[in-house]
Amino acid sequence: MNLYPAIDLKDNKCVRLTKGKDNTSVIFNEDPVDQAIYFEQSGCKRLHVVDLDAAFGRKNINTKSINDIRKAIKIPIQVGGGIRNETDVKRLFDKGMDYLIIGSLAVTNYETVIKFSDLYKNKIYISLDVLDNKIMIKGWEEKTNYETKEIFNKYNNTNIKGFVLTDVDRDGTLNGLNIDMIKTNLKLASKPLVVGGGLTSYNDLNNLKKIFSENLEGIIAGKSFYVGNIDLKKAQDILNSNA
């Protein structure tokens, strides 16, 4: 299992939100490229980048920062936030992004996302952002009537790479992972699952390891790293250990 550190971009700065609320942003680094280089030098295997402005409908604000991050590091990058059409997908892949994370479009336009997954096999993740057992879209501002089971059923047998499951109610709260929710959704997934939302301590990582699922690909580390709760190398060592 891998630890994927997160860079959430707002106005070209690394920020963290609480429960995805746009007005809760706190800046942790004004130089996202420097932060990305730090993550690579710390031994991280992949970088998780979210364009928050694009997710909230403010396109192109962070485009240069994302491209500069790609130029500055060699490790794979997965990018999400505001990917709503074929132009967005092509632009990001053309700029060298390794994986894309698609949320809103995966719920509202299944056929289009299936087309993307056929064009870019094993390069697309479907984002499952869950609040009160319902999928959230459009920057987590709109609640749908869909539950995760319905989205898994649509994409399990396609050419997507996997799923990114986030507990919206715990994201950025440092209240601990929702292990029961992760277990429930792992049973529904036939593809790799990356989880996020609520990582707080090494205890969370040890609890995650106890699940023992081949489909549990990784965990996203955001605020837990930025506030100093976890050290990246120690966290990855816990995930790698057999104990």
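Here a biologist and a modeller talk through a predicted model.

Biologist: Let's start with Asp8 and Arg16. What makes this pair a salt bridge?

Modeller: Their closest N and O atoms are 2.8 Å apart. The cut-off is 4 Å between a side-chain nitrogen of Lys or Arg and a carboxyl oxygen of Asp or Glu, so the pair counts.

Biologist: Is Asp8 buried or exposed, and how do you know?

Modeller: Asp8 has a relative accessibility of 9%. Buried means under 20%, so Asp8 is buried. Arg16 has a relative accessible area of 5%, so Arg16 is buried by that rule too.

Biologist: What about Val50, which sits in strand 4 (residues 47-51)? Why is Val50 called buried?

Modeller: Val50 comes out at 17% relative accessibility, and the limit is under 20%, so Val50 counts as buried. Here's a nice extra: Val50 and Asp8 are 42 residues apart in sequence, yet their C-alpha atoms are 4.7 Å apart in space.

Biologist: Okay, on to Glu142 and Lys138. Why do these two count as a salt bridge?

Modeller: The N to O distance is 3.5 Å, and the rule asks for within 4 Å, so Glu142 and Lys138 pass.

Biologist: And why are they called partly exposed?

Modeller: Partly exposed lies between the 20% and 50% limits. Glu142 has a relative accessible area of 34%, so Glu142 fits. Lys138 has 41%, so Lys138 fits as well.

Biologist: Asp237 and Lys233 are another pair. What separates them along helix 11?

Modeller: They are 4 residues apart in helix 11 (residues 232-240), which means about one helical turn lies between them. Their side chains meet in a salt bridge at 3.2 Å, N to O.

Biologist: Which label does each of these two get, and why?

Modeller: Lys233 has a relative accessible area of 54%, and exposed means over 50%, so Lys233 is exposed. Asp237 has 38%, so Asp237 is partly exposed. Elsewhere, salt bridges that share partners join Lys10, Asp22, Asp53 and Arg58 into one network.

Biologist: How many salt bridges does the structure hold?

Modeller: There are 17.

Biologist: Now the surface. What makes Val26, Phe28 and Val227 a nonpolar patch?

Modeller: A patch residue needs over 30% relative accessible area. Val26, in strand 3 (residues 26-29), has 43%, so Val26 clears that bar while counting as partly exposed. The patch made by Val26, Phe28 and Val227 covers about 220 Å².

Biologist: Let's look for empty space. What do you call a cavity, as opposed to a pocket?

Modeller: In a cavity a 1.4 Å probe fits but cannot get out, whereas a pocket is open. The structure holds 3 cavities of 30 Å³ or more. The largest cavity has a volume of about 620 Å³, and among the residues closest to its centre are His48, Val50 and Trp140.

Biologist: Of what kinds are the residues lining the largest cavity?

Modeller: They divide into 17 nonpolar, 17 polar and 8 charged. The second largest cavity has a volume of about 100 Å³, and helix 4 gives the most to its lining, with 3 residues.

Biologist: Last one: which helix gives the most to the lining of the largest pocket?

Modeller: That's helix 9 (residues 202-209), with 3 residues. The largest pocket has a volume of about 220 Å³, and its lining divides into 6 nonpolar, 4 polar and 2 charged residues.

Terms used:
Residues are numbered from 1 along each chain as its sequence is written. This is a predicted model: local features need pLDDT of at least 70, side-chain atom pairs count only at pLDDT 80 or more; totals for chains, interfaces and linings use all residues. Side-chain values use heavy atoms; hydrogens and water are left out. On a 1 Å grid over the protein atoms alone, a cavity is a set of points where a 1.4 Å probe fits but cannot get out, and a pocket is an open set with protein on both sides within 12 Å along at least five of seven lines; lining residues have an atom within 4 Å of a point. Grid points are joined across faces, edges and corners, and a volume is the space filled by probe spheres set on the points. Helices (H or I, at least four residues) and strands (E, at least two) are DSSP runs, numbered from the N terminus. Ala, Val, Leu, Ile, Met, Phe, Trp, Tyr, Cys and Pro count as nonpolar, Asp, Glu, Lys and Arg as charged, and the others, Gly among them, as polar. Patches are made of residues with over 30% relative accessible area and no salt bridge: like charges are joined within 9 Å, nonpolar side chains (Val, Leu, Ile, Met, Phe, Trp, Tyr) within 5 Å. Accessible areas come from the Shrake-Rupley method with a 1.4 Å probe; for residues, only the protein chains shown count as cover. Buried means under 20% relative accessible area, exposed over 50%, partly exposed in between (1.4 Å probe, protein chains only).
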